[in-house]
Amino acid sequence: MNFLQGIELMAVIANGVFGIMLARSKRMDFAGVFSVALILAFGGGTLRDLFLDRTPLFWIEKAHYPVIIFVIAIVTSFFPRLHGGLGRLLYLPDALGLGLFSIVGAGYALEAGTTLFIAALLGVVTGTFGGVIADVICNEVPSLFRSAPLYATCSFAGCWVFLLLDRYTRLGEPVVLTAGVVTVVTLRLVALRWNWRLPEHE
Amino acid sequence: MNFLQGIELMAVIANGVFGIMLARSKRMDFAGVFSVALILAFGGGTLRDLFLDRTPLFWIEKAHYPVIIFVIAIVTSFFPRLHGGLGRLLYLPDALGLGLFSIVGAGYALEAGTTLFIAALLGVVTGTFGGVIADVICNEVPSLFRSAPLYATCSFAGCWVFLLLDRYTRLGEPVVLTAGVVTVVTLRLVALRWNWRLPEHE
Amino acid sequence: MNFLQGIELMAVIANGVFGIMLARSKRMDFAGVFSVALILAFGGGTLRDLFLDRTPLFWIEKAHYPVIIFVIAIVTSFFPRLHGGLGRLLYLPDALGLGLFSIVGAGYALEAGTTLFIAALLGVVTGTFGGVIADVICNEVPSLFRSAPLYATCSFAGCWVFLLLDRYTRLGEPVVLTAGVVTVVTLRLVALRWNWRLPEHE
């Protein structure tokens, strides 16, 4: 297993845990919790694989991924839901999943031979569309399009850090991948903490 | 035409008829009725074919399928809408389409060589996502995520009945396919009749 | 570059400009504006390419397309938003993008060897689904399903004009493509001007 695959596994777990916590905070039943977790863990990467014509899809090739999500959903169903202030902890797996998936997506795009710009876009798709699809299906305004937390912007910036380090330095794969992930997660948490926004158009 | 293909044709017709009745009950014009019918008849199977990289898509290969939906939409447009209590009849083609498409989806996944767990997931996707996409586009909370009627759960359970019978018995294809379909439809109708729910998380 | 490719480039620009104007009229930030423009410019064609298994996707093969959208979004961000009555100008790039993308989609489907009926459906998908996806993600009732402006119907009719002229006359590619585009755009503008509707079902 190379470093990129390790990051992918962590990304699946981070987004799966986030999905389970999110769905339970909305009082969904087990089928709903499992469905939301699957969509968050596999939605963005599925779009990336379809766009790049990578077959089989990453969660069909690594068929243990959905089983891992299933087991986590079962095990955590014995724990009580997070209440009140603790619910804010949701932003941690969310930011982590955003960072990990964004860089995995950009990395796979590079492997497939795309330009840097396309690789950055596919990183954003991979990092954000699990959440977008889950939000759309649960019928809320997707967070990607609420201007507050700069979701897509953090992902885009971190992808460029990874892509430029990878292209123009001799740092090893683990270093440049980690630098990208850390950039996305840090930007996201800082943006949340100080409520950064992009300027609205006049 | 093998047995699986026969079930697929019935599934297309059941979901198409359901889509037409549903769209007309919402007073859509002909373009809307035809669009909703197409999405219900082909949405779930399209996702499955994309996920499994089956080409051409089933409704492009069997190019008469969309024509059948078109003809049904035209012919039924001369009949009056179902009124009041009769509208409840909608659950019949709905349950039938859910059962038929779920088992077709699981069957195609097996043919493509997936694990049983992945095949069950793809059965659920095939059975439910036509309805999910139609609900999302018509901007209602998708029924898959309303806890009441256990949509995805009925599909998942029936897929496992089919998959386990197929793997561990010597019953012929028609028997195991039919057993799966009957399980899904029965569970769905029973769940509707007695308003079964999964327990909500605490 | 053949004539079909030229129409595709115009379609990308028309839908991109429409997306930018639409997103800015809703006061989105730059990330939102760029995202909506990308979805409108590439959403419908991406579905078509996935359905036809055309690889690489048209905006990955022609990797300058997303860059063009990015540059237009940057440059136009220095101009003020359209106010009041001018906002109605939005229907022009919208109708143009609908017509151009519909015919491009039907043309690519023919190249891939589909039947005429399937080609017409894929023309409608290519022409309309950028808007449908953008509307769904921004959480409004998609215009495709509001009966007023006959979106899908205009696209379907124009595709048939193109397909039948292409099949049964000896007119050159530029003539039949242009005839299809002009039909869609004209129908759409006329339908808007006189508020045509399809009859609602009784």
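In the predicted model described here, A:Phe30, A:Phe34, A:Phe70, B:Phe117, B:Phe156 and B:Trp160 form one aromatic cluster. A search of the whole structure for aromatic pairs finds 38 of them over all chains. One of these is formed by C:Phe30 and C:Phe70, whose rings meet edge-to-face with 6.0 Å from centre to centre and 80° between the planes. This pair links distant parts of the chain, since C:Phe30 belongs to helix α2 (residues 30–52) of chain C and C:Phe70 to helix α4 (residues 64–76) of chain C, 40 residues apart. C:Phe30 has a relative accessible area of 22% and is therefore partly exposed, and C:Phe70, at 23% relative accessibility, likewise counts as partly exposed. A further edge-to-face pair is that of C:Phe117 and C:Phe156, for which the centres are 6.3 Å apart and the planes stand at 85°. Here too distant parts of the chain are linked, with C:Phe117 in helix α6 (residues 116–137) of chain C and C:Phe156 in helix α7 (residues 151–168) of chain C, 39 residues apart. C:Phe117 counts as buried because its relative accessibility is 12%, under the 20% that marks the limit for a buried residue.

The confidence of the prediction can be described for the model and for one of its chains. The model scores an ipTM of 0.90 and a pTM of 0.92. Chain A has an average pLDDT of 88, and 88% of the residues score at least 70. Among the elements of chain A, the lowest mean pLDDT, 92, belongs to helix α1 (residues 3–25) of chain A, whereas the highest, 97, belongs to helix α3 (residues 58–61) of chain A. Where pLDDT is low, the predicted coordinates should not be read in detail.

The interior was examined next. The largest nonpolar core contains 205 residues, and those with the most contacts inside it are A:Phe42, A:Trp59, B:Phe42, B:Trp59, C:Phe42, C:Phe51 and C:Trp59. Helix α6 (residues 116–137) of chain B makes the greatest contribution to this core, with 14 residues. When neighbours within four places in sequence are left aside, A:Phe42 is in contact with A:Val12, A:Phe58, A:Trp59, A:Tyr65, A:Pro66 and A:Ile69. A polar residue, C:Ser102, is placed in helix α5 (residues 91–111) of chain C. With a relative accessible area of 0%, C:Ser102 is buried. Apart from its neighbours within four places in sequence, C:Ser102 has contacts with C:Gly123, C:Gly127, C:Ser155 and C:Cys159.

The α1 helices of chains A and B were considered in turn. For α1(A), a helix of 23 residues should span 33 Å at 1.5 Å a residue, and the end C-alpha atoms are 33 Å apart, so the two values agree. At the start of α1(A), a side-chain oxygen of A:Asn2 reaches to within 3.2 Å of the backbone nitrogen of A:Leu4, and just after this helix A:Arg27 adopts a positive phi of about 60°. In chain B, helix α1 (residues 3–25) has 23 residues and reaches 33 Å from its first C-alpha to its last, close to the 33 Å expected at 1.5 Å a residue. The N-terminal end of α1(B) is capped by B:Asn2, a side-chain oxygen of which lies 3.1 Å from the backbone nitrogen of B:Leu4. Just after α1(B), a positive phi of about 60° is found at B:Arg27.

Backbone geometry was also examined in the loops that follow α2. Most residues other than glycine have a negative phi, and most peptide bonds are trans. The peptide bond from A:Thr55 to A:Pro56, however, is cis, with omega near -10°, and A:Pro56 is located in the loop between α2 (30–52) and α3 of chain A. In chain B, a cis peptide bond with omega of about -10° joins B:Thr55 and B:Pro56, the latter lying in the loop between α2 (30–52) and α3 (58–61) of chain B. The loop between α2 and α3 of chain B also holds B:Asp53, which has a positive phi of about 55° although it is not a glycine. B:Asp53 counts as partly exposed because its relative accessibility is 31%. In chain C, C:Asp53 is found in the loop between α2 and α3 (58–61), and its phi, near 55°, is a positive value in a residue other than glycine. The relative accessible area of C:Asp53 is 32%, so this residue is partly exposed.

How values were computed
Residues are numbered from 1 along each chain as its sequence is written. Chains are lettered from A and ligands numbered from 1 in the order in which they are written. Side-chain values use heavy atoms; hydrogens and water are left out. A nonpolar core is a set of buried Ala, Val, Leu, Ile, Met, Phe, Trp, Tyr and Cys residues joined through side-chain atoms within 4.5 Å. Buried means under 20% relative accessible area, exposed over 50%, partly exposed in between (1.4 Å probe, protein chains only). Helices (H or I, at least four residues) and strands (E, at least two) are DSSP runs, numbered from the N terminus. Contact means heavy atoms within 4.5 Å. pLDDT is the predictor's confidence in each residue, from 0 to 100. The expected span of a helix is 1.5 Å times one less than its number of residues. A polar contact is a pair of N or O atoms within 3.5 Å; within protein, one must be able to donate a hydrogen and the other to accept it, and residues adjacent in sequence count only if both atoms are side-chain atoms. Rings of Phe, Tyr and Trp (its six-membered ring) pair if their centres lie within 6.5 Å; planes under 30 degrees apart count as stacked, over 60 as edge-to-face and the rest as tilted.
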